Amino acid sequence: MGNSKPVFAYVGCYTAERVPPDRFVPAQGAAKGIRVFRVGPAGWELLQEVEQANPMYLLFGPKNRTLYAASSDTNRVWAYRVDPETGLLSVLNHQEIDGKSTLCLSLSPDGRYLIVGAMSGTMASIRLAEDGSLGQVCDQFSLPGERGPLRDEQPFPRPHHCPFDPQGRFCFVLDKGADAVDAYRLDPETGRLTLSGRLQTRPGSIPRHIAFHPDGNWAYLNTEHIGTVVSCRLEGETGQLVPFQILPTIPEDYVGNYSLSSEIWMHPNGRWLYVSNRGHDSIALFSVDGENGRLKTVGWQSTLGEIPRYFAIEPGGRRLYACNQKSGEIREFSIDPSDGTLAFTGLTVETPTPVWLLFSGEVSW
């Protein structure tokens, strides 16, 4: 099976690493920012490297014409124009918010606003121009709530993920600092965000990221410091999350001193859920019951590298790519269409400190 259009991969690479609670030091390796690759059956070809401080979160705008990048040791967000033929990036502009260290991004369902979360606890809404460039800041505020019990990791409320649910009803903010998940309504005329629902998780659990079932009835969040995945019912009228199951993301016989869950993805078909573990250095696989949303542990796949901070499933759902931040490579795994299990294909892309990955299209060969 071939592609009529070229496929490009955009990799965000750390240029500096945070030392708790709020200091940055140069990252290991030679990362400069965003790396652009052409993806093909024979491997990945590096086309461009855009210098930008800590592009740890990348997001496409409507129709992939624009790419937005957070900058987690500055208060800036960057907008790049994407050339659809060559995949190359060119700077459109940047915008600044009051918060320090932009960290997570999401696009409003109508494509008119970019939602931004900053490590210092600030949320902001930025209006987008017709060409995708960043316009005025429409709303910004500090997250509500009290800090959690962990001295270094929870100095104050701290957003780490802010996606909309599949139906675009609510923007969900995962607050690592306050052990909470907040649901906000977005006013499409003003760009202002209003709190609608809040789930308070266990103290010190640190909810990190969230994934939604395609039908919009269920949501799954991973807790970074206690290594669990929490299954929730999503109430569509309020955005309130109601937990109904908690499972560990690491095996019961793992006795290592360190393991933090990191990324969580729902497969496009809604049948499997994946979570990465840093320290155990694995991807946990769960099957999803289509009748009630409950999970069942299937097993674990080593990422064949160290500290899989991020992983991504390409849009076709055929392959999963594990970004091993510490060992400096991306590993490709095929996804078995019958049971969701992973198998290493033999493809390794060496690149320093990979922490985010976007694909322009399906990897279908």
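The following exercises, each with a worked solution, concern salt bridges, nonpolar cores, cysteines and one sheet of a predicted model.

Residues are numbered from 1 along each chain as its sequence is written. Because the model is predicted, local features need pLDDT of at least 70 and side-chain atom pairs count only at pLDDT 80 or more, whereas totals for chains, interfaces and linings use all residues; side-chain values use heavy atoms, with hydrogens and water left out.

**Exercise 1. Determine which residue forms a salt bridge with Asp-139, and where the two partners lie.**

Step 1. The criterion is a side-chain nitrogen of Lys or Arg within 4 Å of a carboxyl oxygen of Asp or Glu. A search of the whole structure on this basis yields 15 salt bridges.

Step 2. The partner of Asp-139 is Arg-192, with 3.6 Å between the closest N and O atoms. Asp-139 belongs to strand E13 (residues 134–142), while Arg-192 is in the loop between strand E16 (180–186) and strand E17 (193–200); the pair is 53 residues apart and links distant parts of the chain. Strands (E, at least two residues) are DSSP runs, numbered from the N terminus.

Step 3. Accessibility is classed as buried (under 20% relative accessible area), exposed (over 50%) or partly exposed (in between), with a 1.4 Å probe and protein chains only. Asp-139 is buried at 6%, whereas Arg-192 is partly exposed at 47%.

**Exercise 2. Describe the salt bridge between Glu-224 and Arg-208.**

Step 1. The N to O distance in this salt bridge is 2.9 Å.

Step 2. Glu-224 lies in the loop between strand E19 (218–223) and strand E20 (228–234), and Arg-208 lies in strand E18 (residues 207–212), so the salt bridge ties together parts that are 16 residues apart in sequence.

Step 3. Both residues are buried: Glu-224 has a relative accessible area of 4%, and Arg-208 has 2%.

Step 4. A network of salt bridges links these two residues with Lys-176 and Arg-278.

**Exercise 3. Identify the residues with the most contacts inside the largest nonpolar core.**

Step 1. A nonpolar core is a set of buried Ala, Val, Leu, Ile, Met, Phe, Trp, Tyr and Cys residues joined through side-chain atoms within 4.5 Å.

Step 2. The largest such core has 67 residues, and the most contacts inside it belong to Tyr-10, Trp-44, Leu-67 and Leu-357. Strand E1 (residues 7–13) supplies the largest share, 6 residues.

Step 3. Beyond its neighbours within four places in sequence, Tyr-10 has contacts (heavy atoms within 4.5 Å) with residues including Val-36, Phe-60, Leu-67, Trp-356 and Leu-357.

Step 4. A second, separate core has 14 residues, among them Phe-172, Ile-210, Cys-232 and Leu-234.

**Exercise 4. Establish how many disulfides the structure contains, and examine Cys-104 and Cys-138.**

Step 1. With a disulfide taken as a pair of cysteine sulfur atoms within 2.5 Å, the search finds 0.

Step 2. For Cys-104, the nearest cysteine sulfur is that of Cys-162, 3.6 Å away. Cys-104 is buried, at 0% relative accessible area.

Step 3. For Cys-138, the closest cysteine sulfur is in Cys-171, at 14 Å, which is too far for a bond. Cys-138 is also buried, at 16%.

**Exercise 5. State the strand order of the open sheet of 4 strands, and name its edges.**

Step 1. Two strands pair if DSSP finds at least two bridges between them. The order is E6-E7-E8-E9, with antiparallel pairing.

Step 2. The edges are strand E6 (58–60) and strand E9 (89–96), each of which pairs on one side only.

Step 3. E6 and strand E7 (residues 66–70) share 3 bridges; the bridge partner of Leu-58 in E7 is Ala-69.
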